[in-house]
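Work through the exercises below with the sequence and the 3D structure side by side. Try each task before reading its solution.

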Amino acid sequence: MIYVFTALYCEAKPIIQYSGLKRQPDINGFQYFANDSVNLVITGTGSINAAVGVASLCSLHTPDSGDILVNAGICGTGNSSLKKGTPVLCNKIIDLCTYKTYYPDMLFKHSFIEGTVETSPVPVTCRSEKHDENSDIVVTDMEASGIFLAGERFFQPHQMFFFKIVSDYLAGEEISSDMVTELVSVNVEHVAGWLTQIHDGLPGKPSDFSEEEKALLNQISDAMKLTVSMQHQLNHLMRYYKIQHGGFADKLINFIGENLKEPCISKNEGKKYFDLLKREFV
Amino acid sequence: MTCLKGNLYNPAFSHIYVEKEIKNHPGTERILSRFPKARVIEIKHYKDVFSRSSQNFLMQKRSPALILAKKQDNFLYKGAPVCQDFGNLHFYYTTLVMNCIYDCEYCFLQGMYSSANIVVFVNLEDYFQQVEKMLENHPVYLCISYDTDLLALEQKLGFVREWFSFAGQHPNLTIEVRTKSANIKAIENLVPLQNVILAWTLSPETVQKNHEHNTPPLMQRISCINNALNKGFRARICFDPIIYSKDWLSSFRATVETIFSEIPPDGIIDVGIGVFRISRDYLKRMRKNRPDSAITQYPYEYDNGVYHYGRKLSDSMIAMACDIVGKYMPEEKIFVWKEAEGE
């Protein structure tokens, strides 16, 4: 699942249309759109709203290791060489309230410009001294740090992507919602195509035991009167055997048939069979 | 489980994080010049990137970033109990680099660090100063490549060359450079020294192929050792950790036979032997990182904070390994890590 967060409806509109998202009941007052592979929440402006929006969606639909978070929206920049509509993939996020800095992992190849986003509590309408003097590409938004802070509770740093699309040059220009929608629209196919590739390839939560295997483990655990600690050892033993041989059910059924037709009458007797089991499976 | 195709990942070190304090350090400039295409991101402190919460070690291994930093303190560490001292009284190790370009499933680094990114401390001059202070009191045996593989990184970092130069001026310092590298070019222009030991870790081919990802094959490492010996370097062989499997003995025997059919045993200064053992905290993290690894998921026995194969199995593996190596090396040149020594 791709979890998308935008501040404004006009930023979300092209994504909703491109992905064919349907309006769902609001979550904690946040507008929520979704289909089978994308969840989108409109958080409102500001990093606190953004953080609450992320927490609201992710608490309701808990992401796993195969999911990604995307923050998409417009930004300002003092760098006039960046054309309006240029998407910047952020490798560094500076919160201008706390001066804390956050770093999403940059593991994947891409053709975007990378840069720093500075998250300001108020709209930046006049060019001021940039805080990341080392980077040529510095843009300003109002949400990224809040999205990251809340997002890292649910996602790992390689699962989070921050796209900021240049909309103004910090000179207090008027920007209509139609202009915002247009700036996002021209990028949505390129950005979504890249993100989909990554999302489709990310490893999901690894499977451990099947239902049949779990039932067998419970059965033999009861039959041998294993303690909780020994049950953990049994799980490790079977996980190890499964990695090496692809499964353990047949062998375990045989073991039960040969040794444990009747349940053990004491923990001591169970321990004896557990030792035998360890010898057979290691 | 599906995985991203390799070509979707950035190459290693596509991104280099540099601490602001050392951005103009000569070591930083030298290393950055070797990565002209890398994107440089300035940071305040290496831990801001390296110690972030909930990083994914395996994902980062596919595209590790480089972090250039300044080591502020703790330049030298007393040798840990789980490490072999090879009979040296003043045994220390130092962390010049944190993490390794190789990806061995049994490696303790993945249990020790929350990140697979590689931290390089560029202020070698401060390390040298600390070692010189210690040398005023006693000789020092120093392992400089424990938490990394310096030889594998030599063409990018040049640290082994620097330490050769330093060791050449301090005869009462002995350094060990532990490696799995087969890159003879890294040392071909260095002058061999009596007080520098190049220590190669060797494993059976099945272990190398299945569990030591990105490492050079056994035969390449053997060839590199031979080249090093021919140039006059002092070489050590480490069979540590020996990994248990049903057929470990036959593959270990075949490996030792292959090694000593290619390498003259009298050219090797000594051999280290140890079976896999790992601290509880490290294994916990390793199991989480690698749920599909037979090495991390083995049902180890636990006592005194360490997971191991069990005293009986470990002892028998050590005894058999010593027996096999003993056919080629005299007993006094075989060093064994034993639990009792590690306590």
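The exercises go from strands and sheets to the core, the chain contact and one loop residue.

This is a predicted model, in which local features need pLDDT of at least 70, side-chain atom pairs count only at pLDDT 80 or more, and totals for chains, interfaces and linings use all residues. Residues are numbered from 1 along each chain as its sequence is written, and chains are lettered from A and ligands numbered from 1 in the order in which they are written.

**Exercise 1. A strand of chain A**

Task: Find strand β6 (residues 87-95) of chain A and describe its cover and its partners.

Solution:
- Step 1. Strands (E, at least two residues) and helices (H or I, at least four) are DSSP runs, numbered from the N terminus.
- Step 2. Check the cover: 9 of the 9 residues of β6(A) are buried. A residue is buried if 20 or more other C-beta atoms lie within 10 Å of its own, exposed if 12 or fewer, and partly exposed in between, with C-beta atoms placed from the backbone.
- Step 3. Look for pairing, for which DSSP must find at least two bridges between two strands. Strand β8 (residues 113-119) of chain A runs parallel to β6(A), with 7 bridges; here A:D95 has A:T119 as its bridge partner.
- Step 4. Strand β10 (residues 160-168) of chain A is antiparallel to β6(A) and joined to it by 3 bridges. A:K164 is the bridge partner of A:V88.
- Step 5. Strand β7 (residues 101-102) of chain A pairs with β6(A) in the antiparallel sense over 2 bridges, and A:T101 stands opposite A:I94. These two strands form a hairpin with 5 residues between them, where A:Y99 in the turn has a positive phi of about 60 degrees.

**Exercise 2. Two sheets of chain B**

Task: Give the strand order of the open sheet of 5 strands in chain B and name its edges.

Solution:
- Step 1. The order is β2-β1-β3-β8-β6, with mixed pairing.
- Step 2. The edge strands are β2 and β6 (97-98) of chain B, since each pairs on one side only.
- Step 3. At one edge, β2(B) pairs with β1(B) in the parallel sense over 5 bridges, and B:E42 is opposite B:V18. Strand β1 (residues 15-19) of chain B has 4 of its 5 residues buried, so it is largely enclosed by the rest of the structure.
- Step 4. At the other edge, β6(B) is antiparallel to strand β8 (residues 118-121) of chain B, with 2 bridges. B:M98 has B:V119 as its bridge partner.

Task: Which strands are the edges of the open sheet of 8 strands in chain B?

Solution:
- Step 1. Its order is β4-β5-β9-β10-β11-β13-β14-β18, again with mixed pairing.
- Step 2. The edges are β4 (77-78) and β18 (334-336) of chain B.
- Step 3. Inside this order, strand β9 (residues 140-143) of chain B runs parallel to β10(B) with 4 bridges, and B:Y141 stands opposite B:T174.

**Exercise 3. The core**

Task: Where does the largest nonpolar core lie with respect to the domains of chain A?

Solution:
- Step 1. A nonpolar core is a set of buried Ala, Val, Leu, Ile, Met, Phe, Trp, Tyr and Cys residues joined through C-beta atoms within 7 Å. The largest one has 168 residues, and A:V70, B:I67, B:V119 and B:V120 have the most contacts inside it.
- Step 2. Helix α4 (residues 177-201) of chain A gives the most to this core, with 8 residues.
- Step 3. Domain 1 (2-201) and domain 2 (211-281) of chain A both give residues to the core, so the core lies between them. The domain bounds come from an automatic or database domain assignment.
- Step 4. The centres of these two domains, taken over C-alpha atoms, are 50 Å apart.

**Exercise 4. Where the chains meet**

Task: How many residues of each chain are in contact with the other?

Solution:
- Step 1. Two residues are in contact if their C-beta atoms, placed from the backbone, lie within 7 Å.
- Step 2. By this rule, 29 residues of chain B are in contact with 32 residues of chain A.
- Step 3. On the chain B side, β2 (39-43), α2 (47-50) and α3 (57-62) each supply at least two residues.

**Exercise 5. A loop residue**

Task: Is B:N172 buried or exposed?

Solution:
- Step 1. B:N172 is in the loop between α7 (159-168) and β10 (173-179) of chain B.
- Step 2. B:N172 has 11 C-beta neighbours inside 10 Å, so this residue counts as exposed.
- Step 3. Leaving aside neighbours within four places in sequence, B:N172 is in contact with B:L135 and B:P139.
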